[in-house]
Structures are given as structure tokens and as C-alpha cells.
Amino acid sequence: MDIRQPIIHDRHIVKQAFQQLTKGDKITFEHPKDLTIVTCRNKGTLKDRIIPHLQGFEEKSILEANMEYLGLELVVLKDDRLPWRNTFKFEMLNDYLNSGQCKTKYFMCLDAIDVIWVDEPQRVIEIFESYDCEALFMSTNSLDGYDCMPETKEWVDAMDGSGRYLNSGVYIGKTSFIKRVIKEAMKYALPHGVTMDGYRDYLKSKPSDYPKGSQDQDIFRYIEPKFFPKLKVDYYNAMAFRS
């Protein structure tokens, strides 16, 4: 598996990649002192949120297991409400960022169920700094949500034209700026958003108040133009691999 990025965000290969990482001599990565890494998940089992390929990571997510193995520090924010809604992430992050607990210059948020590290976190900071922005999101070819915001898609396509779009499974930024972005996202996160099972029907209904109550990624995509160029997308995924 020839992957040069320091992170993998791909549910179909993360387990195999993690197994390869643990086959040789024990590896320990250095955690940058100025970086806080956070993930958001539900309490209890993740069984309903992972694909069969990820069997074995129902209780401790693959990200948690990966970072523990590598000696990296992870802040795990948990919520016991079910069914899980991705807008819960905004509430959890907003509370955490306003609690005073995060004192680092940089803040990073990673999906719990299908993200792993395969190289030093300092590389991500260096990639982020090379973009001359205050927040950097990875990208995907998924078009989810853009049918409900065609003007936003037109804006993104005019900006880049790569056919890739913001993915919220991996992002990094200056903590003070991420705090502002999450505050803006909260305007659309409440009341609590659509369930994962109901998401496709929600999009088909073309809700008039979209993206209020949509998935977290849709909301990030909707507010992206508001924060550009301080918020940018890593269209060629230098920091995170995704097939």
C-alpha cells in the first residue's frame, strides 16, 4: 500500500493499513506540543456506525486504538444520545472549545470510525502552514448536499475545478479560528439534525431551511464561502489519503 500522506481516511483500507503498521517494530510518534487532536463519538458501541470490514473496533474506535498504539494524545468527546446525529459534533466541539480546556495554538478534529495516522502529526502542521490559511479541510469526490445548495457548488467549482469538495472527516486549524467556524455552524445544527439513516430522504425532500439540521459536512460546505480564504480545502489531499 503506497500511501504518502500522514493520515488515511478511508473506511475500506484503514484496518489493513493499521494491521501493517503494527506488524513490525513498535512505532511511537511525537505529539506536537501546540496541537490538540479531538474526536467526537457516541458512548457505548459503534456497531451501527461501522462497516463489516471494521469488525473488532465496535467499542474502541480504530482512531482511538491507532493513536493509543502510536503514543499520541487524543481528546475523546462522547455523547450518550441515540440515535447518533452528526450535528452532535458541533455541540460537543462548541462546549469543549468554550470550556477553556484547549490551550494549544492548533486544533484538529478527526472522525473516530475510519481515520488513522501512519506518519508524524508534525507533517500535517507543515502542510497546513503551507496553505496560508487558518483552517484546512481534506477533500472527497462526494457531492452529498450540493443539490440543495447549487450556488455553493458553482462557487466551489469556479474556485478549483478539480471535482473534489470539502470533507469534514479530517481538518486542522488555528484554535481561535476553528472556534469561530464552529460557532457559525451551530446556527444550523440546532434543533438536532437528521439521523444518518434518514439523511438520503432528507436530501430528496429539498428542505426549505437547508442546511439547518443537515449533516455536519453539509453545514461546513454551506459556510465555506463565508470563511474563504481563511478556510481552505486540501483538494489534492496532501494531508490525508482517500481513494
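A residue is taken as buried when its relative accessible area is under 20%, as exposed when it is over 50%, and as partly exposed in between, with a 1.4 Å probe and protein chains only. The structure is a predicted model, in which local features need pLDDT of at least 70 and side-chain atom pairs count only at pLDDT 80 or more, whereas totals for chains, interfaces and linings use all residues. Residues are numbered from 1 along each chain as its sequence is written, and side-chain values use heavy atoms, with hydrogens and water left out. Helices (H or I, at least four residues) and strands (E, at least two) are DSSP runs numbered from the N terminus.

R41 is located in strand 2 (residues 35-42) and counts as buried because its relative accessibility is 1%. Its side chain is joined to that of E64 by a polar contact of 2.8 Å, the term denoting a pair of N or O atoms within 3.5 Å of which, within protein, one must be able to donate a hydrogen and the other to accept it, residues adjacent in sequence counting only if both atoms are side-chain atoms.

Strand 2 belongs to an open sheet of six strands with mixed pairing and the order 3-2-4-7-6-8, where two strands pair if DSSP finds at least two bridges between them. Strand 3 (75-79) and strand 8 (231-233) each have a single partner strand, so these edge strands are left with one side lacking a neighbour in the sheet. On average, and with direction ignored, neighbouring strands of this sheet are turned by 25 degrees against each other. Three bridges link strand 6 and strand 8 in the parallel sense, and A135 has L231 of strand 8 as its bridge partner.

Helix 4 lies across strand 2, strand 4, strand 6 and strand 7, at about 95 degrees to strand 7; contact here means heavy atoms within 4.5 Å, and angles, from 0 to 180 degrees, are taken between N-to-C directions of axes fitted to C-alpha atoms, for helices over the stretch in contact. In helix 4 (residues 121-130), the buried residues are P121, V124, I125, I127 and F128. These residues lie on the same side of helix 4 because they cover an arc of only 165 degrees around the axis, the arc being that of the directions from the helix axis to the C-beta atoms. Just after helix 4, D132 adopts a positive phi of about 55 degrees.

A further open sheet comprises three strands in the order 5-1-9, with mixed pairing.
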